[in-house]
Amino acid sequence: MNTNTDIQPILDRVLSGGRMTVEECATLLESNDIARIGVAADEVRRRKHPSGVVTYIIDRNINYTNVCNVVCTFCAFYRRPGKPDTYVRTLEEIYRKIDETIALGGTGVLMQGGLHPDFGIEWYEDLLRTLHAKYPDFQLHCFSPPEIHNIHLISGLSYEEILTRLKAAGLYSLPGGGGEILDDEVRRRVSTKCTTGEWLDVMRAVHKVGLRSTATMMFGIGDTVVHRVRHLQRVRDLQDETGGFTAFIPWTFQRENTALGRRITEEPTGVDYLKMLAVSRLFLDNIEHIQSSWLTQGLRLGQAVLRFGADDMGSIMIEENVVSAAGAHNEADEKMLRYLIRSAGFTPQQRDILYRHVNREESSKQDASDSAKLRELSVAFAD
Ligand code: SF4
C-alpha cells in the first residue's frame with residue numbers, strides 16, 4: 001500500500017473543480033490518509049448539499065422469489081430451482097407487506113429476486129400492473145439489471161423493449177443491484193450472471209426509456225484497487241452519457257453462509273469502507289447522492305460516513321433478506337435513523353425514491369423532545 005504519496009495536491013485539484021483521473025483515484029485508494037480524504041469528501045458533500053439535510057427513505061425490500069438459475073459464490077440467498085426451501089411470494093403476501101409499509105409512512109418498495117428460469121416478461125408485467133392498479137401512488141422500484149437480462153434471455157426481447165413494457169405496466173425506477181464489481185476479471189470468478197457490459201447496457205436502456213436508477217458497488221470479493229477504480233470509472237462514464245443515476249451506494253461483501261466467504265482470506269475493514277465511500281464522493285462528480293450502507297456496515301460506521309461524503313442514510317429496511325442471509329443483522333427504525341442523523345449534526349429528512357422530500361407530521365413528532373426515548377436509543381446505539 002502506498003502510504004507515503006502526498007495526496008494533498010490531488011485533493012486540492014478536485015476541490016478547485018478539477019476532475020479526478022483514474023491514476024489519482026488509485027493513489028487515493030492506496031493511501032492510508034483517510035482523515036484528509038474524508039475532509040475533502042465532506043467538503044464536496046457540503047457544497048452539493050449546503051442545507052445540511054441528510055435524507056432517508058421509508059420503504060421495504062420484497063424478495064418475490066429466492067429461486068435462481070445462476071450461481072454467485074458470494075450469495076447466501078438463492079436456492080436452485082426445484083429445491084425444497086424455494087418460494088415465490090403470493091400477491092396476498094406482497095399486498096400485506098405493502099400495507100405494512102404504507103402504515104409506517106412508506107412511499108415505495110424495492111422489489112427484486114432471484115433469476116427464475118420460468119418467468120418471462122408477462123409475469124413481471126402482470127405483477128407490476130396488479131400492484132400499480134391497487135397502489136397507484138406507491139413507487140415500484142424493482143428488478144436490478146441481472147433480472148432484466150434474465151427476461152431478455154427468456155423472452156428474446158431487447159433491454160429497451162423490456163423496460164418500455166415494464167414502465168408502461170407501472171415500473172417507477174430501477175435499483176442498481178447486481179453491479180458488485182463492474183469488471184469481468186472479477187465477475188467471471190464469482191458469478192455466472194450478467195457481464196459488466198450487459199449490466200451497463202441495461203442501465204443505458206433504463207435511462208433511455210426515461211427511468212432513473214441507482215448504482216451500487218460490492219467490494220471485497222477478490223477485487224483489487226485497479227478493479228475498484230475501473231468500476232467507478234464505468235459508472236462515471238455512463239453517468240456522463242445518460243445522467244440517469246440518482247445515487248451511488250458502495251458496501252462490502254458480507255461473507256457468512258457463502259461459498260466465497262469460506263475461501264476468501266482478506267475482507268475489507270472499516271477503514272477500507274470509509275475510504276471507498278469518501279473516494280466515491282470525490283470521483284463521482286456527476287452523481288448527486290452517495291448513500292450510507294448502515295445495514296451492512298452497522299449503525300456506527302453507517303453514521304460516521306455522513307462525515308465522509310454520504311448525504312443519505314438509505315432505507316429504514318422494514319425487511320431485508322439478501323444481505324441478512326449473509327450475516328448482516330443490523331436494524332433501525334425511523335426514529336433511530338433520525339437520531340443518528342441529528343447526532344451527526346445534520347437535519348433528518350424523509351425522501352422518496354427520486355430524493356424528493358416527503359413531509360409527514362409523524363416524522364418530526366419523533367424528534368420532539370422525547371428525551372426518554374432518545375436516552376433509550378443512545379443506550380441501544382452504545383450496545
Ligand atoms: S446474487 Fe442474485 S443472481 Fe446471484 S445467486 Fe444470488 S439471487 Fe441469484
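In this predicted model, strand β1, covering residues 53–57, is tied to β8 by 2 bridges, and the two strands run parallel. Within this pairing, T55 sits opposite D312 of β8. Both strands belong to an open sheet of 3 strands, ordered β8-β1-β9 and paired in parallel fashion. At the edges are β8 (312–315) and β9 (347–351), each with pairing on one side only. Strands that neighbour each other in this sheet are turned by 25° on average, leaving direction aside. Helix α16, made up of residues 334–343, lies across β1, β8 and β9, and its run makes an angle of about 140° with β9.

Now to the ligand. Its surroundings are made up of C68, V70, C72, C75, F77, Y78, G114, L115, P146, S191 and K193. Sorted by class, this shell comes to 8 nonpolar, 2 polar and 1 charged residues.

One of the residues around the ligand, F77, is worth a look of its own. F77 falls in the loop that links β2 (59–62) with α4 (91–103). How buried or exposed is F77? There are 18 other C-beta atoms within 10 Å of F77, so this residue counts as partly exposed; the buried class would take 20 or more such atoms, and the exposed class 12 or fewer. As for longer-range relations, F77 and M218 are separated by 141 residues in sequence, while their C-alpha atoms lie 16 Å apart in space.

Technical notes:
Residues numbered from 1 in each chain as written. Predicted model: local features only at pLDDT ≥ 70, side-chain atom pairs only at ≥ 80, totals over all residues. Helix = DSSP H or I, 4+ residues; strand = E, 2+ residues; numbered from the N terminus. Near = placed C-beta within 6 Å. Nonpolar A, V, L, I, M, F, W, Y, C, P; charged D, E, K, R; others polar. Pairing = 2+ DSSP bridges. Axes fitted to C-alpha atoms, helices over the stretch in contact; angles between N-to-C directions. Contact = placed C-beta atoms within 7 Å.
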